[in-house]
Amino acid sequence: MTQSADPDASAEAAISVRSLWKVFGPKADSIVGTPLAGLSRAELLEQTGCVAAVRDVSFDVAPGEVFVVMGLSGSGKSTLVRCLTRLIEPTAGSVFVSGEDILKASPARLRELRRTRFSMVFQHFGLLPHRRVIDNIAYSLEVNGVKKEKRHKRAHEVIELVGLHGYANHYPEQLSGGMQQRVGLARALAVDPEVMLLDEPFSALDPLIRRDMQNEVKRLHRDLGKTMVFITHDLAEALKLGDRIAIMRDGAVVQMGTPAEVVANPADEYVADFVRDVPKSHVLTLGAIARPAAPGEHLDGPRLDVTTLIRDASPVIADASGPIVVIANGEAVGVVTSDDVLRLIAGEPTASEHEAR
């Protein structure tokens, strides 16, 4: 299993999770820390009647990071995100948000945190049908006791932010699914939260609207820099949105890394099946295929940064008469030719995969 969380990093992390467990069933508290915890999900269910929905999960989310948790249905990803705000009470472990231990928060403090520091966006929009768009968005401020004039002013600000100009006085039934989800995003943003938790928010949308909403999240993140934990079962969505991805199976994290790391070096067959059909050139950078210059290869060709996607570099590589020079911080770190790109497309191991082996 590839799972890492630096204990020294937790103090600076926006979210820090350590050894988190959620076990459902009779005497669930007696499972963690015993030999039973090492059983597979099927064995644990058979022997105890319990299900370990989240199994010993640890990770840190940096401020401003988009951290994507993905996996198949039943992998534990939605249970995990609900444990972060104690919508589901964890069985064991710790969750810190900006250094505060969420699991030790009193009910009153927890309600305050949910109103002011966390915002959640779900697959089901949960809009109030009898309220206009502006009042749906302002509702999160209303429950915080914000006066009507002030909350409507803030609601108008986020209406502009999420592309709902002109729809303030519409009712939810007058909006498309994509527009309704924009209202959900605006409602979450209205309280200016530190952390946004998005649980498969676009799963109910058709593909074209879903793509538009993914682009909207990327734009909002670029403009606002919010820390986001995004749950999805869709690999393409995870690769598009995530700074890092954690892939779950049977409640445990089986691999964690950047999109390029996951695609280039899947930890096991489960992850390999996920990424098998991903066009590597759309995810990997020149750094993944750069190699030392061979004898006789000249370093006077075009220079591209190591972080350039192979897809974006391909036209330059195709037009070059010799190797492309790959640079990092102004220094040459290797070369890439059209043959290197063709080997990638043919499925041969990349330079980084050779090193890993």
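Q: What makes strand 3 and strand 8 (residues 227–232) a pair?
A: Two strands pair if DSSP finds at least two bridges between them. Strand 3 and strand 8 are joined in the parallel sense over five bridges, so they count as paired. This is a predicted model, in which local features need pLDDT of at least 70, side-chain atom pairs count only at pLDDT 80 or more, and totals for chains, interfaces and linings use all residues. Residues are numbered from 1 along each chain as its sequence is written, and side-chain values use heavy atoms, with hydrogens and water left out.

Q: Which residue of strand 8 does V68 stand opposite?
A: That residue is F230.

Q: How do you know that strand 3 pairs with strand 9 (residues 244–249)?
A: Happily, the test is the one already given. Strand 3 and strand 9 run parallel and are joined by four bridges, so they meet the pairing rule. M70 has I247 of strand 9 as its bridge partner.

Q: Why is 66–70 called a strand?
A: The name comes from DSSP: strands are E runs of at least two residues, helices are H or I runs of at least four, and both are numbered from the N terminus. Residues 66–70 carry the name strand 3.

Q: What makes strand 3 mostly covered?
A: Buried means under 20% relative accessible area (exposed is over 50%, partly exposed in between; 1.4 Å probe, protein chains only). Five of the five residues of strand 3 are buried. On one side these are V66, V68 and M70, and on the other F67 and V69, so both faces are covered.

Q: Why is the space of about 540 Å³ called a pocket?
A: On a 1 Å grid over the protein atoms alone, a pocket is an open set of points with protein on both sides within 12 Å along at least five of seven lines, whereas in a cavity a 1.4 Å probe fits but cannot get out. The volume is the space filled by probe spheres set on the points, which are joined across faces, edges and corners. The largest pocket has about 540 Å³.

Q: What makes a residue part of the lining of the largest pocket?
A: Lining residues have an atom within 4 Å of a point. The largest pocket has 23 of them, with R114, S119, M120, S140 and R187 closest to its centre. Strand 6 gives the most, with five residues.

Q: Which element gives the most to the lining of the second largest pocket?
A: Helix 8 does, with six residues.
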